[in-house]
Amino acid sequence: MARVVVDVMPKPEILDPQGQAVANALPRLGFDGITAVRQGKHFELEVADDVDDATLAKIAENFLANPVIEDWTVRRVEA
């Protein structure tokens, strides 16, 4: 078994209201010096060793992310 991480983030040109809300709340909570926040999604998948990178890319692009407004990365990590 292998562990795969897929990170999905809004594209830079897409407005991120959740990230803006977090960035605006941090100073009120006493955390100064944060100038911007982008909020995304993080997925951890346990996959069989024979699942190839092309299949993982298809899963990320077609199921986990909306490629119109989101960028994604796939990486294998130590289990």
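## A walk through the model, starting at Thr-55

Start by selecting Thr-55, which counts as partly exposed because its relative accessibility is 36%. One thing to keep in mind as you click around: this is a predicted model.

**Stop 1: around Thr-55.** Show the cartoon and you'll find Thr-55 in helix 2, the stretch covering residues 53-64. Now add the side chain of Asp-52: it is joined to the side chain of Thr-55 by a polar contact of 2.6 Å. For a sense of scale, draw a C-alpha to C-alpha distance from Thr-55 to Gly-30. The two are 25 residues apart in sequence, and in space they sit 44 Å apart.

**Stop 2: a nonpolar patch.** Next, select Leu-29, Phe-31 and Ile-34 and switch on the surface. Together these residues make a nonpolar surface patch of about 320 Å². Click on Ile-34 and you're in the loop between helix 1 (17-28) and strand 2 (41-47). Ile-34 has a relative accessible area of 42%, so it goes down as partly exposed.

**Stop 3: the core.** Hide the surface and select Ala-2, Val-4, Val-6, Val-8, Leu-45, Val-47, Leu-56, Ala-60, Leu-64 and Ala-65. These ten residues are the largest nonpolar core. Colour by secondary structure and you'll see that strand 1 (2-10), strand 2 and helix 2 each put in at least two residues. Which of the elements gives the most to this core? That's strand 1, with four residues.

Stay here a moment and pick Leu-45. Setting aside residues up to four places away in sequence, Leu-45 touches Ala-2, Arg-3, Val-4, Val-6, Ile-59 and Leu-64.

**Stop 4: salt bridges.** How many salt bridges does the structure hold? Four, and we'll call at some of them.

Begin with Arg-3 and Glu-46, whose side chains meet in a salt bridge at 2.5 Å, N to O. This pair links distant parts of the chain, with Arg-3 in strand 1, Glu-46 in strand 2, and their positions 43 residues apart. Arg-3 is partly exposed at 27% relative accessibility, and Glu-46 is partly exposed too, at 46%.

Then go to Arg-76 and Asp-53, another salt bridge, where the closest N and O atoms are 3.2 Å apart. Arg-76 lies in strand 3 and Asp-53 in helix 2, so this pair ties together parts 23 residues apart in sequence. Is Asp-53 buried or exposed? Asp-53 counts as exposed, at 52% relative accessibility, while Arg-76 is partly exposed at 39%.

**Stop 5: Glu-70.** Finish by zooming in on Glu-70, in strand 3 (residues 70-77). With a relative accessible area of 14%, Glu-70 falls under the 20% cut-off and is therefore buried. Bring up Lys-41 next: Glu-70 forms a salt bridge with Lys-41, the closest N and O atoms being 3.4 Å apart. This is another link between distant parts of the chain, from Glu-70 in strand 3 to Lys-41 in strand 2, 29 residues apart. Lys-41 counts as partly exposed, at 35% relative accessibility.

Before you leave, show the backbone of Asn-66 as well. Its nitrogen lies 2.7 Å from a polar atom of the Glu-70 side chain. To see the rest of the surroundings, skip the neighbours within four places in sequence and select the residues in contact with Glu-70: Val-8, Met-9, Pro-10, Lys-11, Lys-41, Leu-64 and Ala-65. Among them, Val-8, Leu-64 and Ala-65 will be familiar from the nonpolar core at Stop 3.

Technical notes:
Residues are numbered from 1 along each chain as its sequence is written. This is a predicted model: local features need pLDDT of at least 70, side-chain atom pairs count only at pLDDT 80 or more; totals for chains, interfaces and linings use all residues. Side-chain values use heavy atoms; hydrogens and water are left out. Buried means under 20% relative accessible area, exposed over 50%, partly exposed in between (1.4 Å probe, protein chains only). A polar contact is a pair of N or O atoms within 3.5 Å; within protein, one must be able to donate a hydrogen and the other to accept it, and residues adjacent in sequence count only if both atoms are side-chain atoms. Patches are made of residues with over 30% relative accessible area and no salt bridge: like charges are joined within 9 Å, nonpolar side chains (Val, Leu, Ile, Met, Phe, Trp, Tyr) within 5 Å. Accessible areas come from the Shrake-Rupley method with a 1.4 Å probe; for residues, only the protein chains shown count as cover. A nonpolar core is a set of buried Ala, Val, Leu, Ile, Met, Phe, Trp, Tyr and Cys residues joined through side-chain atoms within 4.5 Å. Contact means heavy atoms within 4.5 Å.
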